[in-house]
Amino acid sequence: MKAWRVHENGEPREVMRLDDIPTPEPGPGQVLLRVRAANVNFPDAMLCRGEYQVRPPLPFTPGVELCGEVAALGDGVTGLDTGTRVISPAALPGGAFAEYAVVPAAGVLPAPEALDDAEAAALHIGYQTGWFGLHRRAGLRPGETLLVHAAAGGVGSAAVQLGKAAGATVIGVVGGPEKAEAARELGADIVVDRHREDFVPVVKEATSGRGANVVYDPVGGEAYTRSTKCVAFEGRIVVVGFAGGTIPAPGLNHALVKNYSILGLHWGLYNSHDPVAVGHAHDELCRLAGEGLVRPLVSERVPFSGAAGAVQRVADGRSIGRLVLTP
């Protein structure tokens, strides 16, 4: 089969190579999936650079999630049939940017019927992260104000839709007019182009000085620091990632004085600590997709041959919504 592999760490466009390798076989408790679509995520770029919290042995195939078709079952696997359309996290070092991928059967979920392959591939990690961040960690309530950074990106766009579905007023922060238009189409009530204006006074004006009840931050750095200036009393800042490249050092004295919470979210831990909750979140996401309340913004369906360039665009912050590979 053909698979994109990283033989040395560096920028995606420079280190990803398309190789011919043997098609893997599923072991006990595993499933072989024929990849129908593979979503591109920022962690894929970090994996290429050797900067992710997981560092698979070289060479490895990036791609952390996919929509696939069950091609073969390993020993002991029940409840799945060949030919079934499913979604799943990938199992590094054999990631999703390949024609076939072997994954643990325990993480395989039915693909949402309301979505096509590319959309289904994107309704997993980003939306699960948004669901757990907004509902499990922050307890977002109807009528509250949600501030979303990188609101037109892969993770942020999911948070915008989930926030609206939860009955919140959503303020999205983006970088540039094209991304601002995308955030509006996603449903954000107010959109701030950070290249043109400061989001802090916008949030204060929109909330009559109270501030945002929940801040969803996949950026870090200055985005986090400025958010502490406009978070509400008993507000919650959900730390999702550091796409901006800088990990902030929060002033806990400031959190004490303003009475807000700082909540970390590493969604992958739920797969081992509380997989039942992951299944529940998937059911809710499928329901929302079926009702038309959420639908991943797939801005481009990239041919398999364009994988390296797609990962580089996500790494450089030049993508809107989701880029999805279609092998």
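These are my notebook entries on helices, a pocket, a loop residue and cysteines in a predicted model.

**Helix α2**

I began with α2, which spans residues 42–49, and looked up which of its residues are buried; I found Asp44, Ala45, Leu47 and Cys48. Viewed down the axis of α2, these buried residues fall within an arc of 155°, so they line one face of the helix. I noted alongside this that an α-helix has 3.6 residues a turn, so residues three or four places apart point the same way. I then asked what the buried residues of α2 pack against, and listed β1 (2–6), α1 (12–15), β2 (16–20), β3 (30–39) and α12 (307–315). Just after α2 I came to Gly50, which takes a positive phi of about 75°.

**Helix α12**

Since α12 appears among the elements packed against α2, I turned to it next and found it mostly covered, with 7 of its 9 residues buried. I wrote these down as Ala307, Ala308, Ala310, Val311, Gln312, Val314 and Ala315. Their cover includes β1, α1, β2 and α2, along with β14 (298–303) and β15 (322–326). Just after α12, Gly317 has a positive phi of about 70°.

**The second largest pocket**

For the second largest pocket I recorded a space of about 160 Å³, and a lining of 15 residues, of which Met1, Ile21, Thr61, Pro93 and Gly94 lie nearest its centre. Which strand gives the most to this lining? I found that strand β6, residues 100–104, does so with 3 residues. Sorting the lining by character, I counted 11 nonpolar residues, 3 polar and 1 charged.

**Thr228**

I located Thr228 in the loop between α8 (221–227) and β12 (231–239). Is Thr228 buried or exposed? With a relative accessible area of 7%, Thr228 is buried, because the cut-off for that term is under 20%. Leaving aside neighbours within four places in sequence, I found Thr228 in contact with Ile237, His254, Lys258 and Tyr260.

**Cysteines**

I looked for disulfides, taking sulfur atoms within 2.5 Å as the cut-off, and the count came to 0. For Cys67, the closest cysteine sulfur is in Cys286 at 11 Å, which is too far for a bond. I also checked accessibility: Cys67 counts as buried at 0%, and Cys230 counts as buried at 1%. Cys48, which I had already met in α2, is buried too.

Conventions:
Residues are numbered from 1 along each chain as its sequence is written. This is a predicted model: local features need pLDDT of at least 70, side-chain atom pairs count only at pLDDT 80 or more; totals for chains, interfaces and linings use all residues. Side-chain values use heavy atoms; hydrogens and water are left out. On a 1 Å grid over the protein atoms alone, a cavity is a set of points where a 1.4 Å probe fits but cannot get out, and a pocket is an open set with protein on both sides within 12 Å along at least five of seven lines; lining residues have an atom within 4 Å of a point. Grid points are joined across faces, edges and corners, and a volume is the space filled by probe spheres set on the points. Helices (H or I, at least four residues) and strands (E, at least two) are DSSP runs, numbered from the N terminus. Ala, Val, Leu, Ile, Met, Phe, Trp, Tyr, Cys and Pro count as nonpolar, Asp, Glu, Lys and Arg as charged, and the others, Gly among them, as polar. Buried means under 20% relative accessible area, exposed over 50%, partly exposed in between (1.4 Å probe, protein chains only). The arc is that of the directions from the helix axis to the C-beta atoms. Contact means heavy atoms within 4.5 Å.
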